[in-house]
Amino acid sequence: KKPYVFITRKLPTQIVQALEDVAEVKMWDSEEVQVPREVLLEEAAKADALLTMLSDKVDEQLLSNAPNLKIVANLAVGYDNIDIYTAANNGVVVTNTPDVLTDTTADLAFSLLLATARRIVEGAQYIKEGKWNSWSPFLLAGTDVHHKTIGIVGMGKIGQAVAKRASGFDMEILYHNRSRNTEAETELGAVYQSLEELLKKSDYIVCLTPLTEETKHLFGKEQFKMMKNSAIFINVGRGQVVVEEDLVEALKNGDITGAGLDVFYQEPISNSHPLLELPQVVAIPHIGSASVETRTEMMELCCKNIKDKLTGKEVKSILPN
Ligand code: GLV
Ligand code: GLV
């Protein structure tokens, strides 16, 4: 009997085909609607492999009732949705999709920074709403990016790729990370700082940390107060790294000038959330790695990891790595 693979979202059939030689594959039937929890649990109880989205919780409850499960391939580089310790204890391999999304996510982080600094979204709305009456000297005047200081919090591969882009804009590059990134220091001139120093000195603070017990609520009232009043905060990591009420307050009080957000405490964020009422906030729906090319590569990598596991080959990008 072929092993059973459950995929928690509808993916292109030509990508999934690679798996069908070795497994019976079932996909949740929607591209846009998340698989209900009960269905996920039911499928996990039968599955040899799961291909999951970052919005699916793979927790102790799921893992303790999945006797055949051998691998969970998560379609993301982040894996805070998965209890990797229980998985390891149960002999379940967990994989993510590093590397293939690095440059794509860095492109998005930098565009969000530029869009927020130069008020691109406000400008686009302004013209579409027919408000443009005349050229004026300070109409939608934003903040310069070139020659400013960027502070990258979370200097992994994506952070380093953001630093590379920043260096093309003649920016001074500061970073904070659990461990030193000597490659970013020697190749890009990035300077290691304590979080406090980084927050005080940076014009742009770019958050790329994964969500862990140590990083949850890392950015709150105190941290926003440390930032320059002219600072712009960019988050492309995970929403729960930020205390959102404190961010709203900081923006309203003028403790900081703007925010560009790709991730939120609760996703999807409600469109009545106070953050979305602020014109100086550029908000986008968790699309860091969302180019057609990269999402395709991520899906192919997940399928390959599952196929390798089910056919007894060596599996790459096993977590924790
Ligand atoms: C997206 O947030 C990812 O972790 O890949
Ligand atoms: C992964 O690629 C990271 O930036 O941590």
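This is a dialogue on reading a predicted model of one chain.

Q: How many helices and strands does the secondary structure of the chain contain?
A: A count of elements is a sensible starting point. In this predicted model, the secondary structure comes to 12 helices and 12 strands.

Q: What does the radius of gyration say about how compact the chain is?
A: One sets the computed value beside the value that the globule rule gives for the length in question. Here the radius of gyration is 21 Å, and the rule gives 20 Å for 321 residues; the two are close, so the chain is as compact as a globular protein of that length. Along its principal axes, the C-alpha trace spans about 70 × 45 × 30 Å.

Q: What percentage of the residues in the chain is buried, and what percentage of contacts joins residues at least 24 apart?
A: Buried residues account for 48% of the 321 residues. Of the contacts between residues at least 6 apart in sequence, 57% link residues at least 24 apart.

Q: What do carbon and sulfur atoms supply of the area that the chain exposes, and how far apart are the mean positions of the charges?
A: The exposed area is about 16100 Å², of which carbon and sulfur atoms supply 51%. As for charge, the chain has 33 positive and 45 negative charges, and their mean positions lie 1 Å apart.

Q: In which order do the strands of the open sheet stand, and which are the edge strands?
A: A sheet is read strand by strand, following the pairing. The open sheet has seven strands in the order β8-β7-β6-β9-β10-β11-β12, with parallel pairing. Its edge strands, β8 (191-192) and β12 (281-283), each pair on one side only.

Q: How many bridges join β10 to β11, and which residue of β11 stands opposite phenylalanine 233?
A: Strand β10 (residues 232-235) and strand β11 (residues 258-261) run parallel and are joined by four bridges. Opposite phenylalanine 233 stands alanine 259 of β11.

Q: Where are proline 268 and proline 320 placed, and what is omega at the cis peptide bonds that lead to proline 268 and proline 320?
A: For a peptide bond, the angle to read is omega. The bond joining glutamate 267 and proline 268 is cis, with omega about -5°; proline 268 belongs to the loop between β11 and β12. The bond from leucine 319 to proline 320 is also cis, with omega near -10°, and proline 320 is in the segment after α12 (292-310).

Q: What is phi of histidine 147, and is this residue buried or exposed?
A: Here the sign of phi is read together with the residue type. Histidine 147 has a positive phi near 65° and is a residue other than glycine. It lies in the loop between α6 (120-128) and β6 (149-153). Because its relative accessibility is 56% and the cut-off for exposed is over 50%, histidine 147 counts as exposed. Histidine 286, likewise not a glycine, has a positive phi of about 50° and is found in the loop between β12 and α12.

Q: Is isoleucine 152 buried or exposed, and which residues is it in contact with beyond its neighbours within four places in sequence?
A: Isoleucine 152 lies in strand β6. Its relative accessible area is 0%, so isoleucine 152 is buried. Leaving aside neighbours within four places in sequence, isoleucine 152 is in contact with Gly159, Val162, Ala163, Ile173, Leu174, Tyr175, His176, Leu198, Val206 and Leu208. The C-alpha atoms of isoleucine 152 and isoleucine 234 are separated by 9.5 Å, with their places 82 residues apart along the chain.

Conventions. Residues are numbered from 1 along each chain as its sequence is written. Chains are lettered from A and ligands numbered from 1 in the order in which they are written. This is a predicted model: local features need pLDDT of at least 70, side-chain atom pairs count only at pLDDT 80 or more; totals for chains, interfaces and linings use all residues. Side-chain values use heavy atoms; hydrogens and water are left out. Helices (H or I, at least four residues) and strands (E, at least two) are DSSP runs, numbered from the N terminus. The radius of gyration is taken over C-alpha atoms; the globule rule is 2.2 Å times the number of residues to the power 0.38. Buried means under 20% relative accessible area, exposed over 50%, partly exposed in between (1.4 Å probe, protein chains only). Contact means heavy atoms within 4.5 Å. Accessible areas come from the Shrake-Rupley method with a 1.4 Å probe; for residues, only the protein chains shown count as cover. Lys and Arg count as positive and Asp and Glu as negative; His and the chain ends are not counted. The place of a charge is taken as NZ of Lys, CZ of Arg, CG of Asp or CD of Glu. Two strands pair if DSSP finds at least two bridges between them.
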